[in-house]
Structure formats: C-alpha cells, structure tokens
Amino acid sequence: MTALRGLWPEMQDTCTSLGLMLSIVLFTGLARVVTRQQLNGPMAHAFVLEFLATFQLCFCTHELQLLSEQEPLHPTWPLTLIYFFSMVHGLTLVGTSSNPCGVMMQIMLGGMSAETGAIRLLAQLIGALCSRYCMSALWSLGLTKYHVSERSFACRNPIQVDLPKAVIIEAVCSFIFHSALLHFQEVRTKLRIHLLSALITFLVYAGGSLTGAVFNPTLALSLHFKCFDEAFLQFFIVYWLSPSLGILLMILMFNFFLPWLYDNHTTNKKE
C-alpha cells in the first residue's frame, strides 16, 4: 500500500500530461472540422490545416519529451507512448505533412506546386513556434511537478556525438522514413499507419540517444529553439540540412539511379 501511495503522484503527473496531449488532439480535430466547413479558398485551407497539424505534432512531442525524461515504471513506456501518438497523428493528420522535408519531396516529385509548398512551409514554421510558446505558458501553470516555465528557456542539447555522425544519423533517419512514406502509399490505410508508427518508434529507439532522431526541421526548431540561438550553425546543419540531404538522396536513388540501373540491366539482357 505504501508503495502504491508513493507511485500515485507520479501516475497523476503522467495522467495529466496524457490528458493535455489528448485534449490538444481533440481541439485541433474540432478546428480542422470547422476549417473544412467554413473556410473557402485552397491556399487558406492548406495554410490552416498545415498550421494545426504542425501545432498538434509539436505540442504532443514537447510533452512526450517531458515524459520520457521522467523515471518510467517500465523502460518501454516512452516507446509505447511514441508508438501510440504516432498512430494518433497518422489517423488525424491525413492530408498534411507537418514536415518541410515532406513538402520538399512532394514538390520535387511534381505532386505539389511551389506556391502551395511555400504556404505550407510558412504554416509549419508558425505552427512550430506557436506550439513552443503555448507550451511555455502552459508549463508556467505548474499542473505537474515537471511543468516549469524555466525549462523552455534552457538549451537541452540532444546531440551526443560529433557533427559528422550526427549528420549521418539524421540523414539516414529522414531517408528511411520518407522512403517508407513514399512506398507505403499503396498499402491499406490502417496497416500503413501501424507500419509507419512502428518505424518511427524504431528510429527514435535507434537514434534517440544520439541526436534525438527528429528528422523534421520544424519540429527540431520547436523543441530546441534556444539551442538554435546558441549554436545555430551546428543545429542548422544537423536538423535542417541533414534531413533535406536524406530526401535528396532518396529521390536520386528511387527516381534516377535505380530506374537507370534497371534499364541498363534490361538492355544488356536483350543484347
């Protein structure tokens, strides 16, 4: 009984954080419904939906990061939460990317115009920054013992390896994730969401202790804004350039190199 009483405050804090994340998912979901019904114009529609999606993703990730730094009841608990909320985002954020790399991939593959891409990128940037300041205001209320506003004003550097290794890790994570995103499009929606959630969880498990395995420039900006201020060049290279490099390599491989290799092999067989 004494042990349960000792665990109860921790469980209360965890339940409060989970409640906040689920509340923001419900709130942004309601806002998306209103947007689709009331807002006219494809550009305004795209901007608001991308803003809401990025806000939801960053908000939940801030709180997940806070939960992962607590002493868990079981070591797999943080990974379970990542898997669960990856599924939630996959189900609720259909039609948005919440990631500049995803927008860049669509533009380069001809699936999106440059104007729409620019609108979505602007919405993602604003959504990421808004989520950060919203979390700072929320933490200042002290709803749990881990909610302290000073946390948002400190740089908590997640890079635990030297710069070349950090670049490779973030580029590889971006390459793998967006390759899966591209090639899972023909898979049934319910199965695709589970596969992508499992992949995200694996990438965070593999690279989280080294760089955080963010592979999303706007999410990295929201999570580590103070670090960008204090060490801009390092964080720009690791969290902005590296995921973009992963996208470029992925497109070059699947759209140019592999088709060329296949055509060359077919020609040689015919000869």
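Helices (H or I, at least four residues) and strands (E, at least two) are DSSP runs, numbered from the N terminus. The views below come from a predicted model, in which local features need pLDDT of at least 70 and side-chain atom pairs count only at pLDDT 80 or more, while totals for chains, interfaces and linings use all residues. Residues are numbered from 1 along each chain as its sequence is written, and side-chain values use heavy atoms, with hydrogens and water left out.

**View 1. Asp229 and Lys226 pair up within helix α9.** Here is a salt bridge, meaning a side-chain nitrogen of Lys or Arg within 4 Å of a carboxyl oxygen of Asp or Glu. The closest N and O atoms of Asp229 and Lys226 are 3.8 Å apart. About one helical turn separates the two, because they sit 3 residues apart in α9. An α-helix has 3.6 residues a turn, so residues three or four places apart point the same way. Asp229 is exposed at 55% relative accessible area, whereas Lys226 is partly exposed at 23%; buried means under 20% relative accessible area, exposed over 50%, and partly exposed in between (1.4 Å probe, protein chains only).

**View 2. Glu50 meets Arg120 across two helices.** The whole structure has 2 salt bridges, and one of them links Glu50 to Arg120, with 2.6 Å between the closest N and O atoms. Glu50 belongs to helix α2 (residues 42-68) and Arg120 to helix α5, so this pair ties together parts that are 70 residues apart in sequence. Both partners are buried: Glu50 has a relative accessible area of 0% and Arg120 one of 14%. Side chains of opposite charge can pair when their charged atoms come close.

**View 3. A disulfide joins Cys155 to Cys227.** The structure holds 1 disulfide, a term for a pair of cysteine sulfur atoms within 2.5 Å. In this link the S to S distance is 2.0 Å, and the 105° about the S-S bond makes it right-handed. Cys155 lies in the loop between α5 (114-139) and α6 (163-183), and Cys227 in helix α9 (residues 225-230), so the bond ties together parts 72 residues apart in sequence. Cys155 is partly exposed at 28% relative accessibility, while Cys227 is buried at 1%. Cys130, by contrast, is in no disulfide; its nearest cysteine sulfur, on Cys134, is 8.6 Å away. Cys130 counts as partly exposed, at 34% relative accessibility.

**View 4. Thr14 in helix α1 has contacts far along the chain.** Helix α1 covers residues 2-38, and Thr14 is buried there with a relative accessible area of 15%. Which residues does Thr14 contact, leaving aside its neighbours within four places in sequence? They are Leu67, Gln70 and Trp77, where contact means heavy atoms within 4.5 Å. The C-alpha atoms of Thr14 and Gln70 are separated by 9.3 Å, with their positions 56 residues apart along the chain.

**View 5. Helix α3 spans residues 77-92.** At 1.5 Å a residue, its 16 residues should span 22 Å (1.5 Å times one less than the number of residues), and the end C-alpha atoms are 23 Å apart, which agrees. Among its buried residues are Leu81, Phe85 and His89. The unreviewed UniProt entry annotates residues 76-96 as one of its "transmembrane region" spans; such positions are given in the numbering used here, feature names are shortened, and annotations may be inferred rather than shown by experiment. Over residues 76-96 the chain is 76% helix and 0% strand.
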